[in-house]
Each structure stands twice: as C-alpha cells, then as structure tokens.
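Grab a coffee and work through these exercises with the model open beside you. Each one sets a task and then walks through a solution.

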Amino acid sequence: MTRNFFQSTYNKQKLFNLLGVNIIAIVDYGCGNLYSLQCSLNFLNLKSTITSDPEVIKSADKIILPGVGAFGDAVKLLRESGLDSIVKTEAEKGKYILGICLGMQLLFEKSYEYGEHTGLGLIKGEVHPLSNDIKGDLKIPHMGWNALNIKDINDPIFKYTKNGDYVYYVHSFYAKNCDKALLATSDYEVSVAGLVKSKNVYGAQFHPEKSGDVGLNLLKAFAELEDR
Amino acid sequence: MLAKRIIPCLDVRNGRVVKGVNFDGIKDVSSPVDLAKFYNKSGADELVFYDITASYENRGLFTDVLKTVASEIFIPLTVGGGINTLDDFDRVLKCGADKVSVNSGAIKNPALISEAAKKYGDQCVVLSMDIKRVDGKFHIFSTGGRVDTGIDALQWAVNGEQSGAGELVVNSIDTDGVKNGFDLEMLSEIQSRVKIPVIASGGAGKKEDFLELFKAGVADAGLAASVFHFKEININELKEYLKSNDIEMRV
C-alpha cells in the first residue's frame, strides 16, 4: 500500500508539494527526446518530472514545454492529448512556463511551417521559414553557437547571463512580429528571436540544455523565478 | 553570426578512450567521461565520440559511457562508429547523442541517410567521409580508410546533401597524421559544391593550421584528436588565438 503510494508519480508530486519541494513538469506529448533536458535539470539539483498527466502538470511549480520536429505534428499531438488547454490554463493562472525550441514556437499564435497552423497563442507573433528571409548564402538550418544580444538585461531570467553569451541553436523556422516579447536576439542575416517573454511565459529558440554553462545558468534562473 | 567550432574527437574502445595520454588535472586519462569533462571546461564547442569497439557484445559499454557523458556535459554530442541501421541511430540518440555520424554504413546502404533524415531530421545526420587522392581524383575509402571504394568523393558529398545529411565531415587520409595543416584543396572542392556545414578533419598540427583553415573559408568547424589529446594544442588558447585573429569564436 505504502509502496504503491510512492510509486505513483502523482502521489510523489503531492508529497513533494507538501514538503515544499518545487517541481518542474516537463510536458511529454510524444515530441522529442527529453533525456538531455532532464539531465541538465538533475545536474542543477532541480526536481523535475517528465509527464503527460494533467494533474501532475497542474500541481507542478513550473512547466517546461519542449519539442523537436514539425510544428503541425507537434500541435496536433498536443491537442489530441488535451495538454494544450492544460498548459494554456496554467499559463493564464500565472504559472511560469518555458518553451524550448519547437516548444517556444508553439507558444505563438500561428506557424507557417508547411501550411498554416494555429499555436497556443500565449505570445503575440507568428513562426515563419528562415528561408523566406535569408537571401544570402547562409545555411539553413541555423545550427550552431550564436551570441545573444540581450534587450532587457534586467529581466530575472538573465540573472546569471551576460550580453554576448553564446547559445546553441538548431532550427529552420523563426518567430516574427513579436517585437514586444523580445528579450534577446541573435544575428543570422535576419534578427532571430532567441528568447521571448509575455508575462509569465518564456520561450527559448535555442537549446539551453545544450548551451553549456550559459544554458544551465538560464535554466537555473528560470527555476528561481518567484511567484509574482 | 555563427561561431566557428573546435571539436575534439574521442575514440572509444570497450568503454575506454584509446590514445589517452597524461593530462594535468584528470584522474583517469582513458576515462571518456573525465576527458569529456576536461574538454568541456577547455571550451570545446562539441564532442565527437567514435565507437571503435570490435565486438557487438561490448556496444553496451559505449552507450553507458554516452549516457554518463550526456548527464554531465551539456554541449552537442556527435556519435559515430558502427552506425548501420535506424536502430543504431535510435540506440545512441536515446542515450543523449544529438547527431549521428555515418560512414561505412552509408556506403553499404546509401538509403540510410535519407531514412534517418526523414525520421530524425536533417540536423541529426552527419555524413563522415574518408577521402584520398587516387590518380588525381578524390576517392571515398571505407572500413576505417583501408578500402578504396572507387566512389567519387565530390559526387558522394553532393548526393549526401541531397539525401538529407545535415553536415559533412571531410577527413583527408592524405593529410591525416602528417600534422602539416588541413587539406585545403580537398575541402575547397567539397565546400564549393554543398551548402551544409563542412567539418574539416585530418592534418591539424598547430594553432596556425586552424587559422589558415578558417581564413580560407572552406570549413565551419575543425576537428582533431591527437593534437588535443597530447596537449600539443590547448583548446582555450587556440580559441583565444583565433578570436584575436578575427575568427568568430565562442570564448
């Protein structure tokens, strides 16, 4: 009986909550490899759980929405699992959310990746192909280490980050018309939205879990964000 | 803009690094995990692990190593060696690899590139090529650079890109081990035919070789093994040197 109680993620979660341990829910909707991301949180001694359980997501302290692959497939999986509305509701309640890579793109209103798809609409803006705007001979995907031009260094997410720090990107589509949400950009002929924010919702186009110490510092700062 | 990358390569056999030498500050030089940590601290932009384990049974040792590295080092990891099927891709990606490098596996079955690119994305598939001049032409060699396949390397690179490889590793057998600089001529021939990133390998002996490589504009990254392992070049110093010579570096 006791054993079963602790084997249940949900009960473990409740116990952590009772003990005042903060948990980050990594939303698992079948899109991408979450091993490195959870490893990076473990490395920072942050408690996290990979979950598709709405109750666990609701009771978590913070939410990370990961993702690799195509926008259309991802948003479909998110809707079919019903997790889109859970994430949206939690965001609207004021819970801190971090979207990473495709997870960041999902936060926007729309994407024009192979067609037109509706996103979660938590941040104003749309996602467009880099190939529409890059006219020179730069390579797509935008893959590799690029420097962050930080727009608002006072944002608490940059507690341990400085202007010009390098982060690791891998993507072929990018967010546009999101000027108000821009916290940091990187130059790749066009200005790539690197880190965005709308109220309690953050999005990173790059992979903090693959960006060395700079990435770990951003994850640490995210985990330390305090309820407003 | 994107920084040029410096990539140390570790050959792993039965879970241990081959050619580990004496390093200050590392407990166990033949431990891939300790060496990977050392390189991460020294500013490596990416790590490449080649599994040269001969027996299939010992492959598990390699994935154990990979898992441990991925749980402690948070930069891109590329894995190669013995990648012949989609199951092989799956096996190493689950253990924390970000990119998978195919070489002989793609020669045996060229469809492997397109199948893997379709399943895991172009960015995940690295085509590694061992190239040597034969009668004034560039030929692809297989089985660790021992067998001339007769395949034209320039065409092979173009086909690789078209099939969905996201990156090319160009290893010049002619300059490998000579430590007299990268094979700029070979790299230039390849670079001018593809749009995907080219990683230069074979021939690095000193800092100036990397500067020459990047100034020539024929590669996006420089890969080396022994000059880093034998501490002939310190990665941090190399990157500072390149940066002071106007090459964009993550330092």
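## Exercise 1: Backbone oddities

A:Tyr114 sits in the loop between strand 5 (108–111) and strand 6 (117–118) of chain A. Helices (H or I, at least four residues) and strands (E, at least two) are DSSP runs, numbered from the N terminus. Before you start: this is a predicted model, where local features need pLDDT of at least 70, side-chain atom pairs count only at pLDDT 80 or more, and totals for chains, interfaces and linings use all residues. Residues are numbered from 1 along each chain as written, chains are lettered from A and ligands numbered from 1 in the order written, and side-chain values use heavy atoms, without hydrogens and water.

**Task.** Find out what is unusual about the backbone at A:Tyr114, then look at B:Asn14.

**Solution.**
1. A:Tyr114 isn't a glycine, yet its phi is positive, about 45°.
2. Its relative accessible area is 70%, so A:Tyr114 is exposed. (Buried means under 20% relative accessible area, exposed over 50%, partly exposed in between, with a 1.4 Å probe and protein chains only.)
3. B:Asn14, also not a glycine, has a positive phi near 50°. You'll find B:Asn14 in the loop between strand 1 (5–13) and strand 2 (16–17) of chain B.
4. B:Asn14 has 35% relative accessibility, so it counts as partly exposed.
5. While you're on the backbone, check the bond between A:Ile140 and A:Pro141: it's a cis peptide, with omega about 5°. A:Pro141 is in the loop between strand 7 (123–129) and strand 8 of chain A.

## Exercise 2: One helix, one face

**Task.** Work out which residues of helix 3 (residues 86–93) of chain B are buried.

**Solution.**
1. The buried ones are B:Asp88, B:Phe89, B:Val92 and B:Leu93.
2. Look down the axis of helix 3 of chain B: the buried residues fall within an arc of 125°, so they line one face. (The arc is that of the directions from the helix axis to the C-beta atoms.)
3. The general rule: an α-helix has 3.6 residues a turn, so residues three or four places apart point the same way.
4. The cover over these buried residues includes helix 2 (59–72), strand 4 (77–80), strand 5 (99–102), helix 5 (111–120) and strand 6 (125–134) of chain B. (Contact means heavy atoms within 4.5 Å.)

## Exercise 3: Rings and charges

**Task.** How do the rings of A:Trp145 and A:Tyr168 pair up?

**Solution.**
1. A search of the whole structure turns up 9 aromatic pairs over all chains. (Rings of Phe, Tyr and Trp, its six-membered ring, pair if their centres lie within 6.5 Å; planes under 30 degrees apart count as stacked, over 60 as edge-to-face and the rest as tilted.)
2. The centres of A:Trp145 and A:Tyr168 are 5.5 Å apart and the planes are at 65°, so this pair is edge-to-face.
3. The pair links distant parts of the chain, 23 residues apart: A:Trp145 is in strand 8 (residues 142–147) and A:Tyr168 in strand 10 (residues 166–171) of chain A.
4. Both A:Trp145 and A:Tyr168 are buried.
5. Over the ring of A:Trp145 sits the charged end of B:Arg250, 3.8 Å from its centre. (That takes NZ of Lys or CZ of Arg within 6 Å of the ring centre and within 35 degrees of the ring normal.)
6. B:Lys207 lies over the face of B:Tyr241, at 5.0 Å from the ring centre.
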